[in-house]
Amino acid sequence: MDATQLSHLQDAHNAVEDCVYCPSPEQLKAAEERLLEKCGFSREELEEQARQGKFKTEAAKRAWYCLP
């Protein structure tokens, strides 16, 4: 890597501020709804599958572990 490339990387690094993204309650609710729609099961159905220890699909299992 030459000095010009290194300089560009350092400039880009310095331009990025440390921050934490905090979605609003509405954004969280919308994300949860999209997740449930995408996996094809309701929260109650996922709870039952989790209780039984058998998820019907891999998408259902992933969704369950992503829900708050």
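User: Which helices are included in what covers the buried residues of H2?
Analyst: Quick heads-up: this is a predicted model, where local features need pLDDT of at least 70, side-chain atom pairs count only at pLDDT 80 or more, and totals for chains, interfaces and linings use all residues. Residues are numbered from 1 along each chain as its sequence is written, and side-chain values use heavy atoms, with hydrogens and water left out. Helices here are DSSP runs (H or I, at least four residues; strands are E, at least two), numbered from the N terminus, and buried means under 20% relative accessible area, exposed over 50% and partly exposed in between, with a 1.4 Å probe and protein chains only. The cover over the buried residues of H2 includes helix H3 (43-52) and H4.

User: And which residues of H2 are the buried ones?
Analyst: Seen down the axis of H2, the buried residues fall within an arc of 70° (taken from the directions from the helix axis to the C-beta atoms), so they line one face of the helix. Over on the other side, Glu-26, Arg-34, Glu-37 and Lys-38 are exposed. The buried residues are Glu-32, Leu-36 and Cys-39.

User: How far does H2 reach from its first C-alpha to its last?
Analyst: H2 has 15 residues, and Gly-40, with a positive phi near 85°, follows it. The expected span is 1.5 Å times one less than the number of residues, which comes to 21 Å for this helix. H2 sits close to that, with a reach of 21 Å.

User: Glu-32 is a charged one. Which side chain does it join in a polar contact?
Analyst: Glu-32 lies in helix H2 (residues 25-39) and is buried, at 18% relative accessible area. Leaving out neighbours within four places in sequence, its contacts (heavy atoms within 4.5 Å) are Arg-43, Leu-67 and Pro-68. A polar contact is a pair of N or O atoms within 3.5 Å; within protein, one must be able to donate a hydrogen and the other to accept it, and residues adjacent in sequence count only if both atoms are side-chain atoms. At 3.1 Å, the partner side chain is that of Arg-43.

User: What separation do the C-alpha atoms of Cys-39 and Ala-60 have?
Analyst: Cys-39 belongs to helix H2 and counts as buried at 10% relative accessibility. Beyond residues up to four places away, it touches Leu-46, Ala-59, Ala-60 and Ala-63. Cys-39 and Ala-60 are 21 residues apart along the chain, yet their C-alpha atoms are separated by 5.5 Å.

User: How many residues make up the largest nonpolar core?
Analyst: A nonpolar core is a set of buried Ala, Val, Leu, Ile, Met, Phe, Trp, Tyr and Cys residues joined through side-chain atoms within 4.5 Å. In soluble globular proteins, nonpolar side chains tend to be buried together. Here Leu-36, Cys-39, Phe-41, Leu-46, Ala-60, Ala-63 and Leu-67 form the largest core, and the count is seven. At least two residues of this core come from each of two helices, H2 and H4 (58-66), and the total stays at seven.

User: What is the relative accessible area of Gln-49?
Analyst: Gln-49 is in helix H3. Apart from residues up to four places away, it touches Phe-41, Lys-54, Phe-55, Lys-56 and Ala-60. Gln-49 is buried, and its relative accessible area is 4%.

User: Zooming out, what share of the residues is buried?
Analyst: The protein has four helices and zero strands. Of its 68 residues, the buried share is 13%.
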